[in-house]
Amino acid sequence: QNALSRMSIIASSMHKESLAALGKLDYQSAKAVIETDREVNRFGLYIVRLLKLAVSNQRIVREIGLNSQRECLGYRLIAKSVERTADHVTKMAENTLLLNEPVDAALLEHINRLSSLAISMFENAMDALFKRDFNLAESVIEKLRQVHELEKQAVLSTQKVESEEIVNLRLLIESVRRTAEYASDISEIVLNLNVESVLS
């Protein structure tokens, strides 16, 4: 859990830094975000190795703080979702590097609102996992409709942008949305882990 917590904290701060880099069109910060992705991948690899060992040895399951070997798959899927979240944050930074001029203030406001919701969902999903808070997990899943609404507003706002910048900005918006979707996936797994612990 420590490794997974560390991994999710890095992914979350990468997302925030990527948005800050977009707001200031700060290429150095965007490059730093891309570099940090390696760290997330390292944690991901470490977690997958541990879980593979645990699947074949019940004693290791207890040592790494899980209740059963069945939980290993859930944790592996969560680690994968955190890794993919960081991958999309990296894409956000890459799209920022391709922009030639600062983003229009109104569009930036829409992207920031979408991002704030996505990142709070991601952080709450991880909290729900560590605290076994199933109401919190459900509340994350319920916010997905709101995410799609905010994404639609952000995409509409790109119509006022220079045509060569539109593609990069829409891809960036899509990556912000993906953080929210992975948060929802993580929350679904948290709920499944709860069902399994009740049944076992």
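Helix packing around Val82

At 0% relative accessibility, Val82 counts as buried. This residue is a convenient starting point for a first look at the structure, which is a predicted model. Val82 lies in helix α4, a helix that runs over residues 70–97. Setting aside residues up to four places away in sequence, Val82 touches Leu4, Met7, Ser8, Ala11, Val40, Phe122, Met126 and Ile186. One of these contacts spans a long stretch of chain: Val82 and Ile186 are 104 residues apart in sequence, yet their C-alpha atoms are 8.4 Å apart in space.

Val82 also stands out in the nonpolar interior. The largest nonpolar core has 63 residues, and Leu4, Ile78 and Val82 are those with the most contacts inside it. Several helices contribute to this core, with at least two residues each from α1, α2 (27–55), α3 (58–63), α4, α5 (105–131), α6 (134–142), α7 (144–157) and α8 (163–199). The biggest share comes from α5, which gives 13 residues.

The packing of α4 against its partners can be followed helix by helix. Two packed helices are described by the angle between their axes and the distance between the axes. For helix α1 (residues 2–24) and helix α4, the axes come within 9 Å and cross at roughly 20°. Because angles under 35 degrees count as roughly parallel, α1 is roughly parallel to α4. The crossing of this pair is left-handed. On the α1 side, the residues that meet α4 are Leu4, Met7, Ser8, Ala11, Met14, His15, Ser18, Leu19, Ala21 and Leu22. Their counterparts in α4 are Tyr75, Ile78, Ala79, Val82, Glu83, Ala86, Val89, Thr90, Met92, Ala93 and Thr96. Sorted by class, this contact has 15 nonpolar, 5 polar and 1 charged residues.

Helix α2 packs against α4 as well. The axes of α2 and α4 come within 9 Å and cross at roughly 165°. The two helices are therefore roughly antiparallel to each other, since an angle over 145 degrees falls in that class. Here too α2 passes α4 in a left-handed crossing. The contact of α2 with α4 is made up of 18 nonpolar, 4 polar and 7 charged residues.

Two serines show that polar residues can be found in the buried parts of this model. Ser18 has its place in helix α1, and at 2% relative accessibility it counts as buried. Beyond its neighbours within four places in sequence, Ser18 is in contact with Val33, Val89, Met92, Ala93 and Thr96. Among these, Val89, Met92, Ala93 and Thr96 also appear in the list of α4 residues that meet α1. The second serine, Ser187, is found in helix α8. Ser187 has 0% relative accessibility, so this residue is buried too. With neighbours within four places again left out, Ser187 is in contact with Ala125, Ala137, Val140 and Ile141.

Helix α4 also offers a contrast to Val82. Leu73 likewise has its place in α4, but Leu73 is exposed, with a relative accessible area of 55%. The C-alpha atoms of Leu73 and Leu171 are separated by 31 Å, and these two leucines are 98 residues apart along the chain. Helix α4 thus holds both a buried residue, Val82, and an exposed one, Leu73.

How values were computed
Residues are numbered from 1 along each chain as its sequence is written. This is a predicted model: local features need pLDDT of at least 70, side-chain atom pairs count only at pLDDT 80 or more; totals for chains, interfaces and linings use all residues. Side-chain values use heavy atoms; hydrogens and water are left out. Axes are lines fitted to C-alpha atoms, for helices over the stretch in contact, and angles run from 0 to 180 degrees between N-to-C directions. Helices (H or I, at least four residues) and strands (E, at least two) are DSSP runs, numbered from the N terminus. Angles under 35 degrees count as roughly parallel, over 145 as roughly antiparallel, 65 to 115 as roughly perpendicular and the rest as oblique. A crossing is left-handed if the near helix is turned anticlockwise from the far one by less than a right angle, and right-handed if clockwise. Contact means heavy atoms within 4.5 Å. Ala, Val, Leu, Ile, Met, Phe, Trp, Tyr, Cys and Pro count as nonpolar, Asp, Glu, Lys and Arg as charged, and the others, Gly among them, as polar. A nonpolar core is a set of buried Ala, Val, Leu, Ile, Met, Phe, Trp, Tyr and Cys residues joined through side-chain atoms within 4.5 Å. Buried means under 20% relative accessible area, exposed over 50%, partly exposed in between (1.4 Å probe, protein chains only).
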